[in-house]
There are 2 protein chains.
Amino acid sequence: MTKTKKEKKPVILITNDDGIMSPGIRQLIKLMRILGDVVVVAPDKPQSAMGHAITIATPLRLQQINIDGRHIEYSCSGTPVDCVKLAVDKILFKKPDMLVSGINHGSNSSINVIYSGTMSAALEGAIENIPSIGFSILDYSFEADFTPCEKQILTIARNVLQNGLPKGTCLNVNIPKIEKIKGIKICRQAIAYWDDEYYERKDPHHKSYYWLTGEFINNDKGKDTDEWALKNGYISVVPVLYDFTAHHAIPYLKNIEE
Amino acid sequence: MTKTKKEKKPVILITNDDGIMSPGIRQLIKLMRILGDVVVVAPDKPQSAMGHAITIATPLRLQQINIDGRHIEYSCSGTPVDCVKLAVDKILFKKPDMLVSGINHGSNSSINVIYSGTMSAALEGAIENIPSIGFSILDYSFEADFTPCEKQILTIARNVLQNGLPKGTCLNVNIPKIEKIKGIKICRQAIAYWDDEYYERKDPHHKSYYWLTGEFINNDKGKDTDEWALKNGYISVVPVLYDFTAHHAIPYLKNIEE
């Protein structure tokens, strides 16, 4: 049997929240080109901690750019979620076969998922019924070494392309900063939080301003959590859902009804 | 028996995403003053659709303002989530007894919860273990009539002050725009979405810019949903959780592990 027709490659939409020129997204583009036809629509500037923000009171700009000439690439003036929405409606004119976001410079494990622009882009993909993955590495450095995790990123992405994901979910993938990765663990989000502390400074006019700082507190000792996996040398994969209903809490609240 | 000591009133933190001068928050302040000692920390400008964004790359400003002189009030340069974090760390120096956010001008039912600054403030409260409620009315007008729902807002807030909320949850309360409210229903979030359409315009330099528009699509016919309750004249109350793990999906993904 001879193949007479070239097999159609899957279309993979790539975005992030660190901005289109960050090393993390460059690495993800390189890897995804092995699996499919890549279209990049990413913020023109850093958009970290933007959560699920969208731009409604101002219009958006798109700028086609040409970095290596081998795939379509646009920088967008909006948030990561804006990038996904605009890419589907005005660049692809259809849903891509997969959406990947990242690789974020810094952890999006545990409670960080809620603040993360990287993961909000993936969640927006899930809302739009696109199999979606957010990738993050526990290394803020723009010189982060991505080589130890290349194989696993491809394994996860290939699996999602092949099998899809359970309805209403996307994947939150976090990668430890180590040379030898032990494996991949499917986890739940550790129930942890940030103990915030604002540093107060005075401007030259003696008025106060405040910088957010904080300490990450994890009292969740579960070995099924993303924090446990990451501390023990594994890549953590948490399925994340956009139905925020606390279904288990509904019966306890019936006394409010009238 | 005579009461010799004045009973200590609960401390209620109020914020929103429409900005500190919007009628919705003024109404909420008026009602919460019936139940406790009110502290207001709200954005100095509209912050709608900001999701769970926080400000990390720039510092924040706080400005004490005096609107009616009967309670503490600050405007903040940040997002709704920033307001909650800053209020707890730098104004209250402790957790309040309850956090209420809103009353938002416009619906935060169904999938809107994920984009909503109002609800992100309430979720941030839940993360910080504060019993928290987001209120929204299905009326964008700044002349919205809040009188039909005053009684129910007090009922829900009193209940939460008295009984607290299940761990890890807050309430998403949406109020229909009608004169006679039928009652209060505890609901799940309807599984609906926005069908986005960007309108393209040309600037005077012939460059394109894009405005987000969209149609809300609800194919979820469940009578236990917030959309059903609102369409049938009830206030919808959805318990919302900040553990985004799709626990039911974990077994289906075990084949990715290695």
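This is a walk through a predicted model with chains A and B, going from the sheets to the helices on them and then to the contact between the chains.

Let's start with the sheet of chain A. Here 9 strands form an open sheet with mixed pairing, and their order is 3-4-2-1-5-6-7-11-8. At the edges of this sheet stand strand 3 (62-64) and strand 8 (183-186) of chain A; each has a single partner strand, so one side of each is left without a neighbour in the sheet. On average, neighbouring strands of this sheet are turned by 20° against each other, direction ignored.

For a look at one pairing, take strand 2 (residues 37-43) and strand 4 (residues 72-76) of chain A, which run parallel and are joined by 5 bridges. Within that pair, A:Val39 stands opposite A:Ile72. Two helices of chain A can be placed on the sheet from here. Helix 1 (residues 23-35) of chain A packs on the sheet and touches strand 1 (11-15), strand 2, strand 5 (98-105) and strand 6 (132-137) of chain A, its direction making about 145° with that of strand 5 of chain A. Helix 2 (residues 80-92) of chain A also packs on the sheet, where it touches strand 1, strand 2, strand 3, strand 4 and strand 5 of chain A; the angle between its direction and that of strand 2 of chain A is about 135°.

Now turn to chain B. Its open sheet of 9 strands has the order 3-4-2-1-5-6-7-11-8, again with mixed pairing. The edge strands of chain B are strand 3 (62-64) and strand 8, each pairing on one side only. In this sheet, too, neighbouring strands are turned by 20° against each other on average, direction ignored. Helix 2 of chain B lies across strand 1 (11-15), strand 2 (37-43), strand 3, strand 4 (72-76) and strand 5 (98-105) of chain B, and runs at about 135° to strand 2 of chain B. Helix 3 of chain B packs on the sheet as well, touching strand 1, strand 5, strand 6, strand 7 and strand 11 of chain B, with about 170° between its direction and that of strand 6 of chain B.

Strand 7 (residues 169-175) of chain B deserves a stop of its own: 7 of its 7 residues are buried. In a regular strand, side chains alternate between the two faces of the sheet. In strand 7 of chain B both faces are covered, with B:Thr169, B:Leu171, B:Val173 and B:Ile175 buried on one side and B:Cys170, B:Asn172 and B:Asn174 buried on the other. What lies alongside? Strand 6 (residues 132-137) of chain B runs parallel to strand 7 of chain B and is joined to it by 5 bridges, with B:Ser136 opposite B:Asn174. The chain passes from strand 6 through helix 4 (residues 150-163) to strand 7 of chain B in a left-handed β-α-β crossover. Strand 11 (residues 234-241) of chain B pairs with strand 7 of chain B in the antiparallel sense over 6 bridges; there B:Val173 stands opposite B:Val237, and B:Asn172 opposite B:Val238.

B:Val237 leads us on to the core. The largest nonpolar core has 152 residues, and A:Val237 and B:Val237 have the most contacts inside it. Among the residues that A:Val237 touches are A:Leu171, A:Val173 and A:Ile184, along with B:Leu253 and B:Ile256 from chain B.

Finally, the contact between the chains takes 64 residues from chain B and 64 residues from chain A. On the side of chain B that touches chain A, elements supplying at least two residues each include helix 2, helix 3 (117-127), strand 9 (192-202) and strand 10 (208-218). The residues of that side divide into 39 nonpolar, 12 polar and 13 charged.

Notes:
Residues numbered from 1 in each chain as written. Chains lettered and ligands numbered in written order. Predicted model: local features only at pLDDT ≥ 70, side-chain atom pairs only at ≥ 80, totals over all residues. Pairing = 2+ DSSP bridges. Helix = DSSP H or I, 4+ residues; strand = E, 2+ residues; numbered from the N terminus. Axes fitted to C-alpha atoms, helices over the stretch in contact; angles between N-to-C directions. Contact = placed C-beta atoms within 7 Å. Buried ≥ 20, exposed ≤ 12 C-beta atoms within 10 Å, placed from the backbone. Right-handed = clockwise from strand over helix to strand, strands pointing away. Core = buried A, V, L, I, M, F, W, Y, C linked by C-beta atoms within 7 Å. Nonpolar A, V, L, I, M, F, W, Y, C, P; charged D, E, K, R; others polar. Lists of a residue's contacts leave out its neighbours within four places in sequence.
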